[in-house]
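Biologist: Got a minute to go through this one with me? Let's pull it up.

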Amino acid sequence: MKSFVFPGNIEQQILNIGSQPIPYMRTEFFSGIVKECEQILLNLMGCEGGRVIFYTASGTAAMDAAVACYVTTRKKTLAIAGGSFGYRWHSLCEYYHTPCELFEVPFAQDIDYTALERRICEIQPEVLLCQHHETSSGQLFNLEKISQICQKHQVKLIVDAISSFLADPYDMDRYQIDMTIISSQKGLNILPGLSFIILSERILQETFAHRNFYLDFDENLKNLVRGQTPYSPATSLFLQLHTRLLQIQQSGTRPILEKVQKNALYFREKCKENDWLVPASTPSNCITGFYVHKDGYAIFKELLKQEIYIMPGGIKNFLRVSHLGCQNFEDCDMLARLIKELENCL
C-alpha cells in the first residue's frame with residue numbers, strides 16, 4: 001500500500017506501538033508522558049508560557065472547542081474562507097449563534113491583504129479565524145501579513161494549522177498567534193484521533209465560556225496540571241505521539257520541513273512535465289493540488305484498486321497528493337507515471 005493521503009505511510013516503529021498492551025492512564029507514568037508531550041509541542045510551536053489541551057477527537061472538534069469556549073465570548077468575529085475548511089469556521093460560529101462575518105478568498109488564490117485590512121477596519125472584529133493552509137485547494141496564506149494586520153488593529157488571531165504544522169514554518173510567538181489548532185494525522189504522521197489546542201500565554205489571561213461539556217477549556221486545563229485529560233484518552237495514540245515527539249526533538253524540525261518541501265517540489269516538477277495545472281498561487285509543502293486532463297475521479301478509483309491512495313478534490317479533474325509521512329522521489333515518480341498511464345487509457 002502507498003498512501004498519498006493523511007497521515008501518509010507511517011514508520012513501522014510508530015505502528016508497532018499500536019499492537020502493544022495498553023497501560024492504565026491514571027498513573028504517574030502516563031501523567032509524565034502527557035506533560036512531556038505538552039512541553040515538546042510548546043517548543044515546536046514556538047509558544048513559550050502557553051498550554052496545550054489534548055482532545056481524543058478530530059481536528060474539527062478542536063475548532064469547535066475554540067469557537068464554543070472562546071469565540072462565543074466575543075462580540076464580533078471575522079473568518080477567512082478560501083475553501084471548505086474556512087467555511088467550517090463560519091458554520092461553527094452559526095451553530096453557537098455567535099456573530100461572524102466572512103472574508104471570502106477565491107479558490108486557490110492568495111488573500112488580498114489590503115482588502116482584508118480594509119474589511120477589518122470596517123467591521124472591527126475582536127477575533128480573526130483563519131487557516132494557515134487551506135487543505136481543500138493547497139493554498140498557503142501569509143501568516144506574517146495576517147499577523148501584522150491583527151496586531152495593528154488589536155484583533156485576536158486563531159489559526160487552524162492542522163495541515164501546515166511540520167510542513168511549513170510556523171511560530172506562534174513570532175507571529176503573535178493567540179491560539180493554534182493541530183491534529184495527529186498530518187505532520188506528526190501518527191494515526192488520526194488526537195487534536196490539540198495550543199493556547200498562548202496571552203489568551204490564558206482571558207475568560208472562557210462553558211458551552212461544551214467535553215471540550216470545556218477550564219476543565220481540561222485543570223486536569224492538565226496533573227498531566228491528565230478529564231475523560232478517557234486514546235492511550236495508544238498518546239504513546240505514539242510521545243515517541244514521535246521524542247524523535248522530532250532529537251532531529252529538530254528542519255530536516256522534516258526540508259524533506260516535505262523537497263518531495264513537494266519534486267512532484268510539482270512531474271506535474272509540470274505532464275502539463276497538470278497546480279492552481280495554488282502559493283502552494284503549501286503539505287499537499288499538491290492539481291488538475292488532470294481526463295476524469296479525475298476515475299483515476300482516483302483506479303488507483304484505489306492498486307491500493308494507492310490519493311485525495312479527490314471535489315472539483316472536476318482536481319486531485320490532491322500529500323507529501324507527509326514516509327515518502328521519497330521514487331514514490332513521486334511511481335505515482336506520476338501511474339496517473340499519466342491512466343489518463344492515456346481514459
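Biologist: How many disulfides does a search of the whole structure find?
Modeller: Zero, going by the whole-structure search. Keep in mind that this is a predicted model.

Biologist: Why is Cys47 not in a bond?
Modeller: Its closest cysteine sulfur is in Cys130, and at 16 Å that is too far for a bond. The cut-off for a disulfide is 2.5 Å between the sulfur atoms.

Biologist: And is Cys47 buried or exposed?
Modeller: Buried, with a relative accessible area of 2%.

Biologist: What about Cys345, how far away is the nearest cysteine sulfur?
Modeller: That would be the sulfur of Cys271, 19 Å away, and Cys345 is in no disulfide. Cys345 is exposed, at 67% relative accessible area.

Biologist: OK, switching to rings. How many aromatic pairs turn up?
Modeller: The search of the whole structure gives 14. One of them is Phe54 with Phe196, an edge-to-face pair with centres 5.7 Å apart and planes at 80 degrees.

Biologist: Where do those two sit in the chain?
Modeller: Phe54 is in strand β2 (residues 51-55) and Phe196 in strand β10 (residues 195-199), so the pair links distant parts of the chain, 142 residues apart. Both residues are buried.

Biologist: Which residues make up the aromatic cluster with them?
Modeller: Phe30 and Phe238 join Phe54 and Phe196 in one cluster.

Biologist: Last one: where is Thr98?
Modeller: In the loop between α4 (84-95) and β4 (100-104). Thr98 is buried, with a relative accessible area of 8%.

Biologist: What is Thr98 in contact with, leaving aside neighbours within four places in sequence?
Modeller: Val67, Val71, Thr72, Arg74 and Cys93.

Note on methods
Residues numbered from 1 in each chain as written. Predicted model: local features only at pLDDT ≥ 70, side-chain atom pairs only at ≥ 80, totals over all residues. Heavy atoms only, no water. Helix = DSSP H or I, 4+ residues; strand = E, 2+ residues; numbered from the N terminus. Buried < 20%, exposed > 50% of the residue type's maximum accessible area, 1.4 Å probe, protein only. Contact = heavy atoms within 4.5 Å. Phe/Tyr/Trp six-rings, centres within 6.5 Å; stacked < 30°, edge-to-face > 60°.
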